[in-house]
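Subject: Structure handover

Dear colleague,

Here is the structure I promised to pass on to you. Please have it open while you read, as my notes follow below.

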Amino acid sequence: MAVQISPSILSADFARLADEAARVAGVADWLHVDVMDNHFVPNLTLGLPVVEALLKSVSTPVDCHLMIEDPDRWAVGYAEAGAKSVTIHAEAAKAPVRTLRAIRKEGARAGFALNPATAVDAYEDLLPEVDMLLLMTVEPGFGGQPFLDGVLPKIRRARQLVSKHGLEVWIQVDGGVADETIERCAEAGADVFVAGNAVYGRDDPAEAVRALRALAEG
Ligand code: DX5
Ligand code: ZN
């Protein structure tokens, strides 16, 4: 799988989301949108109405990361609205198979996210239902946190499990991904890289995406 970069608008200017998205258009593969509900994580960002509006004004495919308590209720709405990828959390979903199937049925890619302390082996049987595994490399909730090296063995393990089953599941990493850490993630087997501060914290976000891609490609 080719390297893909998904800049997180969590680190962008929320008053100018469409303009911020345009700064990486044509360079980024995805636009990562962090939906937080102040229950699953101790932070509140935006919800379906804002994502619907954003989808109408951006050209880059949108990758929605739902850090919310009740993804089984909300996930399909993001797919219906036009998000090309919708990710739910293992720790929050009560009916992950039903929800992942509903996302796919709407024509979006179904993502399944694991917090740093959640083991991947427990979800081996679920892999055929999943298009992308998101391995959090920080505790979810905030941008700009330091990368957790302790997750690297889990990235390797996830890659092994995906290969063992002959699946094409993408492995996304999210949290603290930057020039200093992206090579380690790629070497461990990740192929989709979310970056907030390392893109929108820079003067030239497009150039930052190009640099991250070059490092991940090795
Ligand atoms: C954190 C979010 C991330 C966040 C990453 O809970 O899921 O997508 O934007 O930000 P950085 O890349 O700054 O760690
Ligand atoms: Zn995220």
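Among contacts in the protein chain between residues at least 6 apart in sequence, what percentage join residues at least 24 apart? The answer is 63%, and please keep in mind throughout that this is a predicted model.

To begin with the overall fold, the protein chain contains 8 helices and 8 strands. Its radius of gyration is 16 Å, close to the 17 Å that the globule rule gives for 218 residues, so the chain is as compact as a globular protein of that length. Taken along the principal axes, the box filled by the C-alpha atoms is roughly 40 × 40 × 30 Å, and 45% of the 218 residues count as buried.

Turning to the interior, the largest nonpolar core has 69 residues, and those with the most contacts inside it are V86, L133, L135, I155, I171, F193 and L212. Strand β6, which runs over residues 132–136, gives the most to this core, with 5 residues. In soluble globular proteins, nonpolar side chains tend to be buried together. If you would like one residue to start from, I171 is in contact, leaving aside its neighbours within four places in sequence, with ten positions that I list here in full: L133, L135, I155, A158, R159, V162, G189, A190, D191 and V192.

The surroundings of ligand 1 may interest you as well. Of the 22 residues around ligand 1, S8, L10, G143, G196 and N197 come nearest, and the elements that give two or more residues to this shell are β2 (31–36), β8 (192–195) and α7 (197–200). By class, the shell holds 8 nonpolar, 12 polar and 2 charged residues.

S8 also appears in the record, where the "binding site" annotation of an unreviewed UniProt entry covers S8, H65, G141, F142, G143, G144, D174, G175 and G176. In the model, S8 sits in the loop between β1 (4–7) and α1 (17–22), and S8 counts as buried because 24 C-beta neighbours lie inside 10 Å, the cut-off for buried being 20 or more. Leaving aside its neighbours within four places in sequence, S8 is in contact with H32, D34, G143, V194, A195 and G196. F142, which the annotation covers too, lies in the loop between β6 and α5 (152–164), and F142 counts as partly exposed because it has 15 C-beta neighbours inside 10 Å.

With best wishes

Conventions. Residues are numbered from 1 along each chain as its sequence is written. Chains are lettered from A and ligands numbered from 1 in the order in which they are written. This is a predicted model: local features need pLDDT of at least 70, side-chain atom pairs count only at pLDDT 80 or more; totals for chains, interfaces and linings use all residues. A residue is near a molecule or strand if its C-beta atom, placed from the backbone, lies within 6 Å of it. Helices (H or I, at least four residues) and strands (E, at least two) are DSSP runs, numbered from the N terminus. Ala, Val, Leu, Ile, Met, Phe, Trp, Tyr, Cys and Pro count as nonpolar, Asp, Glu, Lys and Arg as charged, and the others, Gly among them, as polar. A nonpolar core is a set of buried Ala, Val, Leu, Ile, Met, Phe, Trp, Tyr and Cys residues joined through C-beta atoms within 7 Å. A residue is buried if 20 or more other C-beta atoms lie within 10 Å of its own, exposed if 12 or fewer, and partly exposed in between; C-beta atoms are placed from the backbone. Two residues are in contact if their C-beta atoms, placed from the backbone, lie within 7 Å. UniProt positions are given in the numbering used here, feature names are shortened, and annotations may be inferred rather than shown by experiment. The radius of gyration is taken over C-alpha atoms; the globule rule is 2.2 Å times the number of residues to the power 0.38.
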